[in-house]
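Biologist: I'm new to this one and would like some help reading it. Could you walk me through it, feature by feature?

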Amino acid sequence: MSKRPADVAAAARAKLAQKRAKLDAATQDAPSPGLRVELHPALREPGKAEPAERVNPYFDPTLAGHGGRGRGRGRRAFQFNDRGKFVELAERKREEERARQLRARISVGARKAGIEDDLNLSGRQLQPPPPPDVEWWDKPLVGEAYPKHKDELDRILGDAGTAVTRAVQHPVPIFDEIEVVPVVVKYTRTEQKKLRRQERAANMKDKQDKQRLGLMEPDAPKVKLSNMMRVVGDAAVQDPTKVEKAILAQVKERRDTHERNNAERALSHEEKQAKARQQLEEDAARGIRCCAWRVDNMANGYHRRRLEDNANQCAITGVVLLNPRFNLVYAEGGAKAIKFYKHLVESRITWTEAPRAGTHADDDFSRNRCTCVWEGDLPGRLYRNFIFKKAETEAEVREALSKYDASPYSLWQAAKRAGDE
């Protein structure tokens, strides 16, 4: 006969109770090693109470996770925004940005006009004080009794014979006749070409517009040998010799017209000389510049002739002092003239070149050199012409150079030191 399940469970519980009693008796005073394992509630005896639960002092139930006894994360609900909320926020931001830009433009305009202090762009408008009853410039005339005698003051101001009235006097403006001097603008060579090109293009466009409106007759076709077949057409095929002859005649006529116009615009020899003199005078009027050189040997007459000719052409004045030890070249003139003359003296003239004939033809010019002693500005010219002067001794040098001013003699001393270096 088989046993019932209740009997089997009761026998199992009795057997486990016996084993537990033996285990508790054996380990009553000894600490329990390892983890403490509790008995499953289904295997406990029916009348036996559950052991007290131990409390962990380091456990915080509020920090427990979703699976603990603490408060878990609640489910989030949907939050719907009202219709037009973000459109309103965007429009508000746009209005703020437009107001900020407007304030910035007003601030820039006020700063340029110099009235920045008169505008209050921060949004807080300062109320100006009310105007006083009597201005400070009227107090000496009116006195301090204005509030008490206002009617009397009104009667005085209403009288036309008094010095101070209510009328505002506008003085008649006096315009002085001021001579307006036009400012001459100097253009570079590139700018001049650009302006000429633009002016020619504008004139051509104006001419084409007049031709389209019928105000001017159109120009005859510009026929050349290269476009003869395209312009003339069938006539060139029928009689090419005749067409070619006519085209060459037109080409010659255009060339002659062009050369004739150029010849009419060209300046004459006297006009060219006058223009060159005017340019030299304008150059000297802007300021006098001078330069001095030391030349070891100036026995070659070709060198002396080139110095004198170029000085006369460039309106340069000065002196060439000839001395047995060395020679001093002093030149003064406009800035452009001195620049040209300096390039002549230092680069174009070959000072090591010996004369082809004469008493100095056999001299050694290989060590001859030209040294720039000084260059600077002067308040005015010291010499009226460009001259050559011989000075054999130091006294003659002093007399020749100190006749006009003491500056050239100091240049002589500088040239002497330059030779000793």
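Modeller: Sure. Keep in mind that this is a predicted model. Let's begin on the surface, where V183, V185, Y187 and L195 make up a nonpolar patch with about 410 Å² of accessible area together.

Biologist: Where does Y187 sit, then?

Modeller: Y187 belongs to the loop between α4 (150-158) and α5 (189-213). Its relative accessible area is 44%, so Y187 counts as partly exposed.

Biologist: Which residues form the positive surface patch?

Modeller: That one is formed by K222, K224, R230 and R254. Among them, K224 is in the loop between α5 and α6 (228-231), and K224 is partly exposed at 39% relative accessible area.

Biologist: Now the strands. Is β3 largely enclosed or open, and why?

Modeller: To read that, check how many residues of a strand are buried, meaning under 20% relative accessible area. In strand β3 (residues 327-333), 7 of the 7 residues are buried, so the rest of the structure largely encloses this strand. Look at both faces: N327, V329, A331 and G333 are buried on one side, and L328, Y330 and E332 are buried on the other.

Biologist: Which strands pair with β3?

Modeller: Strand β1 (residues 288-295) pairs with β3 in the antiparallel sense over 7 bridges, and C291 stands opposite A331 there. Strand β2 (residues 317-322) also runs antiparallel to β3, joined by 5 bridges. T317 has E332 in β3 as its bridge partner, and a hairpin links β2 to β3 through 4 residues.

Biologist: And charged pairs: how many salt bridges are there?

Modeller: A salt bridge here is a side-chain nitrogen of Lys or Arg within 4 Å of a carboxyl oxygen of Asp or Glu. By that rule the count is 16. Take E97 and R100, whose side chains meet at 2.5 Å, N to O. They are 3 residues apart in helix α2 (residues 85-113), which means about one helical turn separates them.

Biologist: What about R98?

Modeller: R98 forms a salt bridge with E91, with the closest N and O atoms 3.4 Å apart. R98 is partly exposed at 42%, as is E91 at 35%. A network of salt bridges links E91, R94, E95 and R98.

Biologist: Which parts does the pair D219 and K207 tie together?

Modeller: The side chains of D219 and K207 meet in a salt bridge at 2.9 Å, N to O. D219 lies in the loop between α5 and α6 and K207 in helix α5, so the pair ties together parts 12 residues apart in sequence. K207 is partly exposed, at 29% relative accessibility.

Note on methods:
Residues numbered from 1 in each chain as written. Predicted model: local features only at pLDDT ≥ 70, side-chain atom pairs only at ≥ 80, totals over all residues. Heavy atoms only, no water. Patch = residues over 30% accessible without salt bridge, like charges linked within 9 Å, V, L, I, M, F, W, Y side chains within 5 Å. Areas by Shrake-Rupley, 256 points an atom, 1.4 Å probe, with all protein chains shown as cover. Helix = DSSP H or I, 4+ residues; strand = E, 2+ residues; numbered from the N terminus. Buried < 20%, exposed > 50% of the residue type's maximum accessible area, 1.4 Å probe, protein only. Pairing = 2+ DSSP bridges. Lys, Arg positive; Asp, Glu negative; His and termini not counted. Charge placed at Lys NZ, Arg CZ, Asp CG, Glu CD.
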